[in-house]
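Dear colleague,

I am passing on the structure we spoke about, and beneath it you will find an account of what turned up in it. Please read the account with the model open beside you.

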Amino acid sequence: MSDVRKEVKDYYSNITVNEEGKMKTSICSCALENFPPHIQEIRNQIDPEIITHFYGCGSPIPLELTGCTVLDLGCGTGLDVYTLSKLVGEKGKVIGVDMNEDQLAIAEKHRDSMAEKFGFSKSNVEFKKGFIEDLKSLGIEDGSVDVVVSNCVINLSPNKEDVFKEIWRVLKNGGELYFSDIFADRRVPEDISNNKILRGECLGGAMYIEDFRRLLNKVGWKDFRYMSSTPAPINNFEIERLIGNIKFSSRTVRAFKLPDLIEDICEQYGQFAIYNGGIIGSEFSLKLDDHHTFEKGLPMSVCGNTCAMVENTRFSKYFTIYGNRDVHYGPFEGCGTSPSISQDDEGSCSGGSCCC
Ligand SMILES: C[S@@+](CC[C@H](N)C(=O)[O-])C[C@H]1O[C@@H](n2cnc3c(N)ncnc32)[C@H](O)[C@@H]1O
């Protein structure tokens with residue numbers, strides 16, 4: 001195991017076993033307060049021992065998961081895995097991967113009782129011990145997963161390119177990466193990234209948002225979207241003093257694997273999309289990302305990329321699409337290849353190259 005991974009593993013074992021589940025910053029506790037109501041209902045059924053050891057920084061639980069195979073990278077004690085278990089239902093499946101046996105032991109312990117609480121005849125959850133940089137050795141096949149989620153984990157990896165390549169490999173065509181993590185507004189200097197505590201608290205390894213965009217582009221995601229972005233709450237004077245002027249944010253990202261359809265900027269083909277309703281949790285409108293919300297029944301002019309995200313994915317049965325790509329009318333108006341500033345931060349353009 002690489003030194004960084006060993007240090008991170010020890011950091012989380014120590015918190016789980018010795019520190020009564022407590023981290024040094026508030027980054028991983030604010031998330032518990034921000035769940036949408038339909039998810040909160042499920043969370044209320046989850047064993048308190050799992051919740052005590054939740055270290056996520058967001059809620060990477062997308063809509064419309066019935067029957068899906070979902071993979072949770074760095075699942076910890078399994079709060080998101082069990083939430084997803086209920087959402088995918090008995091015909092779906094959730095796989096949780098983590099390298100830390102102390103956390104996996106807690107997750108595993110509740111497998112049967114959680115299935116029983118959800119009214120399932122047997123558990124639809126499986127936990128695998130291993131590294132998120134090498135899913136192949138865990139037997140996770142090419143194109144076998146509908147949705148990959150992860151909650152405050154990828155920042156901890158010493159080899160993020162391998163992680164994203166593995167995600168791309170295991171996703172089906174039309175499948176989705178949907179994850180929450182901590183990001184930085186600049187490259188984190190070495191004295192901070194090498195500090196074991198700052199690394200363990202999800203700050204040291206945080207990706208600079210523009211390098212993140214470049215990395216996703218390189219692996220295959222030419223356009224991805226932010227769902228939300230909020231300043232990361234640190235609430236520890238000592239740690240705030242060490243990080244100085246770096247601004248950390250907690251972001252949730254969505255990136256569909258559509259290699260033949262997604263272009264590097266948004267193009268205008270004269271297409272319209274109508275959300276017809278029907279998705280649980282989105283009765284009157286559907287939020288695709290932080291700057292596209294489809295009101296039920298209202299035709300919306302969409303660029304080629306946005307159109308593909310609702311027409312060629314698991315959302316397609318809830319949409320009526322008008323138009324195709326036969327005629328091209330130039331770039332989609334308002335599109336920017338501009339930086340990855342999210343609307344919530346600056347009130348301006350968002351995401352990995354898409355329209356505003
Ligand atoms: C901040 S915790 C988040 C845990 C969980 N997602 C949650 O929301 O409670 C990070 C988790 O990622 C795991 N982890 C970090 N790096 C990993 C790697 N390279 N491979 C596998 N697991 C990793 C740690 O063991 C830890 O359980």
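**Charged pairs, cores and confidence**

Glu-126 and Lys-128 form a salt bridge, in which the closest N and O atoms are 3.4 Å apart. Glu-126 counts as partly exposed because its relative accessibility is 31%, whereas Lys-128, at 18% relative accessibility, counts as buried. Please keep in mind throughout that this is a predicted model.

The structure holds 25 salt bridges, and a few others deserve a look. Glu-210 pairs with Arg-213, with the closest N and O atoms 2.8 Å apart, and both residues lie in helix α10, three residues apart, which is about one turn of the helix. An α-helix has 3.6 residues a turn, so residues three or four places apart point the same way. Both Glu-210 and Arg-213 are buried. Asp-223 and Arg-225 also meet through their side chains in a salt bridge, at 2.9 Å from N to O. Asp-223 has a relative accessible area of 1% and is therefore buried, the cut-off being under 20%, and Arg-225, with a relative accessible area of 0%, is buried as well. In addition, Lys-136, Asp-142, Glu-166 and Arg-169 are linked in a network of salt bridges.

Turning to the nonpolar interior, the largest core has 32 residues, and those with the most contacts inside it are Leu-71, Phe-164, Ile-167, Phe-212 and Trp-221. Two or more residues of this core come from each of the elements β1, β2 (93–98), β4 (145–151), α7 (160–170), β5 (171–184), α10 (209–219) and β8 (248–256). If you would like to follow one residue of the core outward, Leu-71 touches Ile-95, Val-97, Leu-135, Ile-140, Val-145, Val-147, Val-148, Val-149 and Val-170, leaving aside residues up to four places away in sequence. Apart from this core lies another, of 27 residues, which includes Ile-39, Leu-65, Leu-84 and Val-149.

Helix α1 (residues 3–17) can be checked by its length: at 1.5 Å a residue its 15 residues should span 21 Å, and its end C-alpha atoms are indeed 21 Å apart, so the two values agree. Within α1, the buried residues are Arg-5, Val-8, Lys-9, Tyr-11, Tyr-12, Ser-13, Ile-15 and Thr-16, and the buried residues of this helix pack against α5 (101–109) and α9 (196–200).

Two backbone positions may also interest you. Glu-64, although not a glycine, has a positive phi of about 60°; Glu-64 lies in the loop between α3 (48–52) and β1, and is buried, with a relative accessible area of 15%. Cys-152, which is not a glycine either, has a positive phi of about 65°; Cys-152 is placed in the loop between β4 and α7, and with a relative accessible area of 4% it is buried.

Finally, a word on confidence. The protein chain averages a pLDDT of 92, and 91% of the residues score at least 70. Confidence is highest in strand β1 (residues 69–73), at a mean of 99, and lowest in helix α13 (residues 343–346), at 46. Over residues 341–350 the pLDDT stays under 50, and the model has 29 contacts beyond four places in sequence for this stretch. Where pLDDT is low, the predicted coordinates should not be read in detail.

With best wishes

Notes: Residues numbered from 1 in each chain as written. Predicted model: local features only at pLDDT ≥ 70, side-chain atom pairs only at ≥ 80, totals over all residues. Heavy atoms only, no water. pLDDT = per-residue confidence, 0-100. Helix = DSSP H or I, 4+ residues; strand = E, 2+ residues; numbered from the N terminus. Contact = heavy atoms within 4.5 Å. Core = buried A, V, L, I, M, F, W, Y, C linked by side-chain atoms within 4.5 Å. Buried < 20%, exposed > 50% of the residue type's maximum accessible area, 1.4 Å probe, protein only. Expected span 1.5 Å × (residues − 1). Salt bridge = Lys/Arg side-chain N within 4 Å of Asp/Glu carboxyl O.
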